[in-house]
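Here is a short report to read alongside the model, with a few local features worth looking up as you go.

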Amino acid sequence: MTAVRDEPLAPEPGVDSAPVITVRGVRKYFPIREGVLQKVVGHVRAVDGVSFEIPRGETLGLVGESGCGKTTLGRCIAGLTDATDGGIYFRLAESDRLFLDEMDAVPEAERTLQHQARIEAIDLAHRIDRMKGDSWRSYRRNCQFVFQDAFSSLNPRQLVKDIVGRPLKVYKEASGPELTDRVVDLLQSVGMGRQHLYRYPHEFSGGQRQRISIARALALEPEFIVLDEPTSALDVSVQSQILNLLHELQQERGLTYLFITHDLGVVRLMSDDIVVMYLGEVMERATASELFAAPRHPYTEALLAANPDLLEGDEEAEMRGLEGTVPDPARPPQGCRFHTRCPAAIPQCGWEVDDAVAWLADNSTTLDELSGVERASEFDAAVRFRDSDAAAEAKALLEGPEVSAPMQGALLALSASGAELRIQFTEVDPVELEDVGEGHLTSCILHTSRSTHL
């Protein structure tokens with residue numbers, strides 16, 4: 001008996017113009033546990049308030065250093081892990097998005113029953129963590145994932161026929177000879193064929209294994225695919241083949257991609273829009289052409305300068321790049337999170353007590369005499385030492401010429417009293433993404449409305 005096909009959700013009026021994926025204020029925190037009882041003592045902020053949309057048939061490039069949260073965000077969007085806060089919506093109409101934006105400004109206690117009912121209806125129909133039954137099943141078939149390591153994502157004990165055909169079995173799309181024919185068609189669409197049906201993953205090269213992963217992702221004819229570093233583990237020549245294949249498949253099938261990578265050269269070729277992430281937050285978003293022509297954030301500029309292939313006649317650019325280490329995501333910097341490594345940092349970027357303490361730790365042994373810290377806020381604290389000499393030495397070091405001018409410029413108070421050093425910085429508000437023209441968004445205060453107050 002032929003199984004009834006599990007059809008995707010019927011398009012709603014206007015759905016063709018709606019973004020396939022809408023990400024609204026998504027956060028993903030991982031608890032830090034200590035002690036025998038595994039008490040939660042903090043959280044790693046892997047993704048911290050990210051928002052964007054992916055239009056139908058386009059590719060959004062998500063780029064950043066390792067550890068910036070891009071893979072975690074991709075897994076949240078694919079439904080492989082739950083977000084801590086915020087919402088990820090599938091086929092959210094513009095009218096519904098505007099309504100949700102309006103409701104964000106209304107305190108929950110002031111929302112009417114009609115408002116609550118509409119929010120609930122939108123969430124059940126479009127928000128992936130609220131979907132149930134057929135809605136969730138439809139999203140799972142319409143959102144597929146291609147992993148970075150094709151070998152570990154393929155079952156080593158299964159034949160290619162079973163690996164690629166499993167989604168078709170699970171959704172009762174085909175069985176018997178029809179299933180084999182469907183698998184062959186999928187393999188041919190990625191440049192392989194019937195002769196590969198009865199082989200195991202270890203019998204293939206890295207590029208061939210990634211083609212098998214792509215064929216599996218295409219099995220249920222999805223609308224949207226998350227591509228997590230799909231070419232980073234491959235040779236350069238094979239990378240170009242896989243990228244060309246992905247582009248051809250997108251053109252033929254009208255696919256929508258989230259392309260996650262650290263390679264700006266690759267993302268430039270593949271993406272319509274690009275989102276640049278750092279330490280869980282979006283630093284900049286623009287079209288690919290605009291981002292490469294006129295980056296508006298020092299972090300983006302540093303990423304470009306660190307890639308020799310993207311240097312367009314700038315001989316000195318290869319000498320620039322990122323310095324220092326990524327801060328602890330459990331205690332991200334205040335203000336702009338990039339200011340601790342930024343070559344263009346200014347006093348208004350968000351310097352705090354932790355920055356002064358970190359500088360002392362890297363440049364002296366004064367902190368060996370530290371006995372405690374009493375914080376009034378992230379910007380104001382009393383640092384206690386075991387003796388007054390250590391406090392006086394720390395003060396002298398922070399007033400010295402070795403400390404960066406932006407950090408010193410942000411100091412409001414620096415005074416030693418006995419064994420206590422009072423450190424107070426100018427308090428700043430969290431930075432927000434702002435549109436600086438034609439949909440180009442940046443969080444750098446040098447380019448936003450806050451620059452007029454500098």
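## Aromatic pairs

Let's begin with Tyr-139, a buried residue whose relative accessible area is 1%. Please keep in mind that this is a predicted model. Tyr-139 forms an aromatic pair with Trp-136, and the pair is tilted, with 6.0 Å from centre to centre and 35° between the planes. Both residues belong to helix α4 (residues 133-142), where they sit 3 residues apart, so about one helical turn separates them. Trp-136 is partly exposed, at a relative accessible area of 28%. Why does Trp-136 count as partly exposed? Its 28% falls between the limits, because buried requires a value under 20% and exposed a value over 50%.

The rings do not stop at that pair: Phe-90, Trp-136 and Tyr-139 are linked by ring pairs into a cluster. Over the model, the count of aromatic pairs comes to 6.

## A pair across the sequence

Now turn to Tyr-278 and Phe-338. How are their two rings arranged? The ring centres are 5.2 Å apart and the planes meet at 85°, so this pair is edge-to-face. The cut-off behind that label is an angle over 60 degrees.

Tyr-278 is part of strand β8 (residues 273-278), while Phe-338 is in the loop between α12 (298-305) and α13 (353-363), so the pair ties together parts that are 60 residues apart in sequence. Are these two partners buried or exposed? Tyr-278 counts as buried at 1% relative accessibility, and Phe-338 counts as buried at 0%.

## Charges over rings

Two arginines are worth a look next. The charged end of Arg-118 lies over the ring of Phe-99, at 4.2 Å from the ring centre. Arg-137 places its charged end over the ring of Tyr-171, 4.4 Å from the centre of that ring.

## Strand β13 and its partners

Strand β13 (residues 420-425) has side chains that alternate along its length. Leu-421, Ile-423 and Phe-425 point to one face and are buried, whereas Glu-420, Arg-422 and Gln-424 point to the other face and are not buried.

Which strands pair with β13? Strand β11 (residues 380-385) is joined to β13 by 5 bridges, and the two run antiparallel. In this pairing, Ala-381 stands opposite Ile-423, one of the buried residues of β13. Strand β12 (residues 411-417) also runs antiparallel to β13, with 6 bridges joining them. Here Ser-415 is the residue opposite Arg-422, whose side chain points to the face that is not buried. The hairpin of β12 and β13 has 2 residues between the strands, and in it Gly-418 takes a positive phi near 65°.

## Positive phi outside glycine

Finally, here are two residues to check on your Ramachandran plot. Lys-172 is not a glycine, yet its phi is positive, near 55°. You will find Lys-172 in the loop between α6 (160-170) and α7 (176-189). With a relative accessible area of 54%, Lys-172 is exposed.

Glu-229 also has a positive phi, of about 45°, although it is not a glycine. Where does Glu-229 sit? Its place is in the loop between β6 (224-228) and α9 (236-253). Glu-229 counts as buried, at 7% relative accessibility, whereas Lys-172 is exposed.

Notes. Residues are numbered from 1 along each chain as its sequence is written. This is a predicted model: local features need pLDDT of at least 70, side-chain atom pairs count only at pLDDT 80 or more; totals for chains, interfaces and linings use all residues. Side-chain values use heavy atoms; hydrogens and water are left out. Helices (H or I, at least four residues) and strands (E, at least two) are DSSP runs, numbered from the N terminus. Buried means under 20% relative accessible area, exposed over 50%, partly exposed in between (1.4 Å probe, protein chains only). Rings of Phe, Tyr and Trp (its six-membered ring) pair if their centres lie within 6.5 Å; planes under 30 degrees apart count as stacked, over 60 as edge-to-face and the rest as tilted. A charge sits over a ring if NZ of Lys or CZ of Arg is within 6 Å of the ring centre and within 35 degrees of the ring normal. Two strands pair if DSSP finds at least two bridges between them.
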